[in-house]
Amino acid sequence: MNLDEIKKKMEAEGTRDLSVPKNIKQLEDSKLPIQKVRKSMRSEIITQLVIIIVFFTVPLVLEMNQMAKGLYFILQFVTALITLLYIAKMTWFLNKTSNISGSSRDTVMGFIHDLKLTLEVYKTAIIAGSLILPLSLAALFTGNGKLHLSLGEIQLGGEDLFFKLFSLDMNPINIMICTLIYLLMAAGIYYMTVKWADGLYGIHIHKLEETLKEFEV
């Protein structure tokens, strides 16, 4: 048997032993959701930083009494700290996953785990932010002395509206009405933000989890 025949035989045997992993398509498919999650997170970090700047700039443009302006800045400062907390968490996540390519089952599992932890911090921040934002908006819109509000028999307007609203200088029924409005606003802000976050990240987590089911263990 000459060298050419030996070479052909070895190549044929090597071809028979070579098998393409069944999960190669799933491995490739997992890369796309990972890239989309990272892209969405980078965009959101930029968006949140811009929102912080805008909210701190608004009182410089609108006319507000000093008490309302001071309260507004305090509330926005607390909100900004909460926002920066989950921005730091997102930045940590992006740095940790910067070299992830979805090339193995364990890699995808680790990505999903870290993403869920990051979203837990995100949703906790949303709860805090949704409780503070209605108060910030109330200070913003009542502090300029131009908004008028009717609560039962009481007609409030001008600077009286701000002071009476935040000092709760109203009868119990009107206090209950204001509390209900506040809770509805907080719940609405929380619901919309969570739905928005689920739209950005939840759908990709679901795709990755479906991909994991098709991986060979």
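**Helices, cores and salt bridges: a conversation**

User: Let's start with a residue. Where is the place of Leu84?
Analyst: Happy to begin there, noting that this is a predicted model. The place of Leu84 is in helix 3.

User: Is Leu84 buried, partly exposed or exposed?
Analyst: Buried needs under 20% relative accessible area and exposed needs over 50%. Leu84 has a relative accessibility of 40%, so Leu84 counts as partly exposed.

User: Which helix gives the most to the nonpolar patch?
Analyst: The patch lies on the surface and is formed by Leu49, Ile74, Phe77, Val78, Leu81 and Leu84, with about 540 Å² of accessible area together. Five of its residues come from the helix that gives the most, helix 3.

User: Let's step back to the whole chain. What pattern does the chain follow along the sequence?
Analyst: Good idea to get the layout in view. The chain has six helices and two strands. Read along the sequence, these elements follow the pattern α-α-α-α-β-β-α-α.

User: What share of the residues in the chain is buried?
Analyst: Let's take the surface before the interior. The accessible surface of the chain comes to about 13,600 Å², and 66% of that belongs to carbon and sulfur atoms. Of the 217 residues in the chain, the buried share is 34%.

User: Now to the interior. Which helix supplies the largest share of the largest nonpolar core?
Analyst: This core has 26 residues, and Val37, Met41, Met90, Phe93, Phe111 and Leu115 are those with the most contacts inside it. Helix 2 (24-61), helix 3 (66-96), helix 4 (105-142) and helix 6 (172-214) each supply at least two of its residues. The largest share, nine residues, comes from helix 4.

User: With which residues is Met90 in contact, leaving aside its neighbours within four places in sequence?
Analyst: Met90 is one of the residues with the most contacts inside the largest core. Once those sequence neighbours are set aside, the contacts of Met90 are Met41, Glu44, Ile45, Thr118, Tyr122 and Tyr201.

User: How many residues does the second, separate core have?
Analyst: Among its members are Met64, Ala68, Ala139 and Phe162. The full count for this second core is six residues.

User: On to charges. How many residues apart in sequence are the parts that Asp114 and Lys96 tie together?
Analyst: The search of the whole structure finds three salt bridges, and in one of them the side chains of Asp114 and Lys96 meet at 3.0 Å, N to O. Asp114 lies in helix 4 and Lys96 in helix 3, so the pair ties together parts whose separation in sequence is 18 residues.

User: Is Asp114 buried or exposed?
Analyst: The cut-off for buried is under 20% relative accessible area. Its partner Lys96 is partly exposed at 48%. Asp114 has 8% relative accessibility and therefore counts as buried.

User: How far apart are the closest N and O atoms of Glu209 and Lys116?
Analyst: Glu209 lies in helix 6 and Lys116 in helix 4, so this pair ties together parts that are 93 residues apart in sequence. Glu209 is partly exposed at 28%, and Lys116 is partly exposed at 38%. Their closest N and O atoms are 2.7 Å apart.

User: Which residue forms a salt bridge with Asp198?
Analyst: The closest N and O atoms of this pair are 3.7 Å apart. Asp198 lies in helix 6 and its partner in helix 4, so the pair ties together parts that are 75 residues apart in sequence. Asp198 is partly exposed at 33%, and the partner, partly exposed at 26%, is Lys123.

How values were computed: Residues are numbered from 1 along each chain as its sequence is written. This is a predicted model: local features need pLDDT of at least 70, side-chain atom pairs count only at pLDDT 80 or more; totals for chains, interfaces and linings use all residues. Side-chain values use heavy atoms; hydrogens and water are left out. A nonpolar core is a set of buried Ala, Val, Leu, Ile, Met, Phe, Trp, Tyr and Cys residues joined through side-chain atoms within 4.5 Å. Buried means under 20% relative accessible area, exposed over 50%, partly exposed in between (1.4 Å probe, protein chains only). Helices (H or I, at least four residues) and strands (E, at least two) are DSSP runs, numbered from the N terminus. Contact means heavy atoms within 4.5 Å. Patches are made of residues with over 30% relative accessible area and no salt bridge: like charges are joined within 9 Å, nonpolar side chains (Val, Leu, Ile, Met, Phe, Trp, Tyr) within 5 Å. Accessible areas come from the Shrake-Rupley method with a 1.4 Å probe; for residues, only the protein chains shown count as cover. A salt bridge is a side-chain nitrogen of Lys or Arg within 4 Å of a carboxyl oxygen of Asp or Glu.
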